[in-house]
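This report describes how two domains of one chain meet. The sequence and structure come before the description.

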Amino acid sequence: MGNVSFRATSKTFPGKVPVHALDDITLEIKDGEFVALLGPSGCGKSTLLNLLAGFETRSGGELTFDGATVDKPGPDRGVVFQEASLFPWLNVWDNITFGPRVQGLKHDEYESKARAMLKLVGLEAFADALPAQLSGGMRQRVGIARVLVMSPRALLMDEPFGALDAQTRLAMQQLLLDVWQTLGTTVLFVTHDIDESILLADRICIMSARPGRITREIAVGLPRPRSIESLTTSAFAAYKAEIMAEMKIAHAG
Amino acid sequence: MKLANGLVLDNRAGKIVLGLLLPVLVVVLWQAAGPNGSLFGGVLPTPDRVWTAWKIWAFGPAGMGLNPYSGTWLDNALFSTERVAKGFGAAILVGVPLGIAIGWWRLAAQAFDPTIQVLRPIPITAWLPFSIAVFGIRDVGSVFLIALGAFYPIVINTTQGARGIDKNWIRAALMMGAKPMDVLTRVVLPASLPSIFTGLRVGLGIGWTAVIVSEMIAVKSGLGYVLWDAYYVGRMDVVIADMASIGLLGFLSDRLIIAIESWLLGWHRMQSFQA
């Protein structure tokens, strides 16, 4: 489970000058698939993710998740935010167990899972630390662990590594590849980084702005399991050249 | 701490000495200016006389002797403190939930905000006749004035805190399955706490102002009552000792709020420090 279906979905933000953010989006994501939305800022890729997250309501068309119409946020779709958006007054452990606790689970029911997720992201030693005591990369690890602990059927990631320095970003990409290759959850990943999209995704949806549209889909055939070493292969370079060419066209159009 | 000549004063004792320099200087000059025990033709007693008056007020034998203030300091200080505590407590109980509601629900903002904004410019002193007429010369009138005075800064700062919350915190909570009440108690309230404490500190200061004003006119006990009574009978030594007592209690209660704040808001201090 974890099937996403956008059918002719559109989004207009009302106002004095209405903003036509998304136009006629049709996108199917199969269970376990890793899809990247790639495009310049303002192309509506975050809006598309927010629709699926249930943070925004669509203006037209259909949007279903595992057959049910999406109308509000929920723990079946775990969202990882760009700035992690942890609760700064809670320590790492309380941030990670926030979901199970508000869902009314008992300590015994979530403890071992939360411990496992903390270990998976390499932060066992930091359970008692406050977010302000962590680096940007560590905060984002907590952001990932707090959604994984809810066993979501889809992971929605909105430029999660965009604010990190290059080296930390590589480490986080490797971590995400390892996690995803273990769990096999459906992922919708928003990014403006071409390398990142090729490295991570099974399929890249290239978007253009005003109004936001998907202009092209590219299936990435790089073998799995991948690692950051994949970045230096010739197959990778070929995909990159193709996407760069496409995005220039997307800009001009 | 950096001194003008570039030296850095970092030790705790040094800071305390520097901070005490000005008040000590004032007291010494004041004392020296009145060799006969008073200044301005007997109106203003010197510090040693004030100190003596305070000692008798605080530790002298109580009862109907020649000095009606003897031994009554603690009782009066407690009367005032209790009124402030009651009024301030009531202001918190009403102001914080109402501020959260106004900051969070547009409907609550539309229902309450205009009334608060219109009533707020009426100074607390202007409510005195109203308070005496309605509540009489009784404790409850004084508590009412304190509560009203402390209420405004508490409700306004809480509203501000609840309004300024990072939208993604709310989204994150909903995404993790939080129900509306969870969002309020587990996200909006803790996120608003830094603003709430700003309101509490301002509100407490106004509470002390209100208690003194109301005791001078609307009740027959407390530091405010003694202040006005002593002035009437020309006991300026007691007046000044009373002023110092009010300052001391106000200072100590503010430190108490700061202590609670730093205990609850360690995360916030750490965050600001990092930023």
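## Two domains and their interface

The domain assignment divides chain A into domain 1 (31–57 + 66–76 + 154–253) and domain 2 (86–151); such bounds come from an automatic or database assignment. This is a predicted model, in which local features need pLDDT of at least 70, side-chain atom pairs count only at pLDDT 80 or more, and totals for chains, interfaces and linings use all residues. Residues are numbered from 1 along each chain as its sequence is written, chains are lettered from A, and side-chain values use heavy atoms, without hydrogens and water.

The interface of domain 1 of chain A and domain 2 of chain A has these values.

| Item | Value |
|---|---|
| Distance between C-alpha centres | 24 Å |
| Residues of domain 1 in contact (heavy atoms within 4.5 Å) with domain 2 | 11 residues, with 11 residues of domain 2 |
| Buried area (accessible area, 1.4 Å probe, lost on being put together, summed over both parts) | about 980 Å² |

Carbon and sulfur atoms give 82% of that buried area. On the side of domain 1, A:Pro75, A:Met172 and A:Leu175 lose the most area to domain 2, together 41% of what that side buries.

The rule finds zero salt bridges across the interface (a side-chain nitrogen of Lys or Arg within 4 Å of a carboxyl oxygen of Asp or Glu).

Strand E7 (154–158) and helix H6 (166–183) of chain A each supply at least two residues of the domain 1 side that touches domain 2. Helices (H or I, at least four residues) and strands (E, at least two) are DSSP runs, numbered from the N terminus. H6(A) gives the most to this side, with five residues.

Notes
Buried area is the accessible area (1.4 Å probe) that two parts lose on being put together, summed over both.
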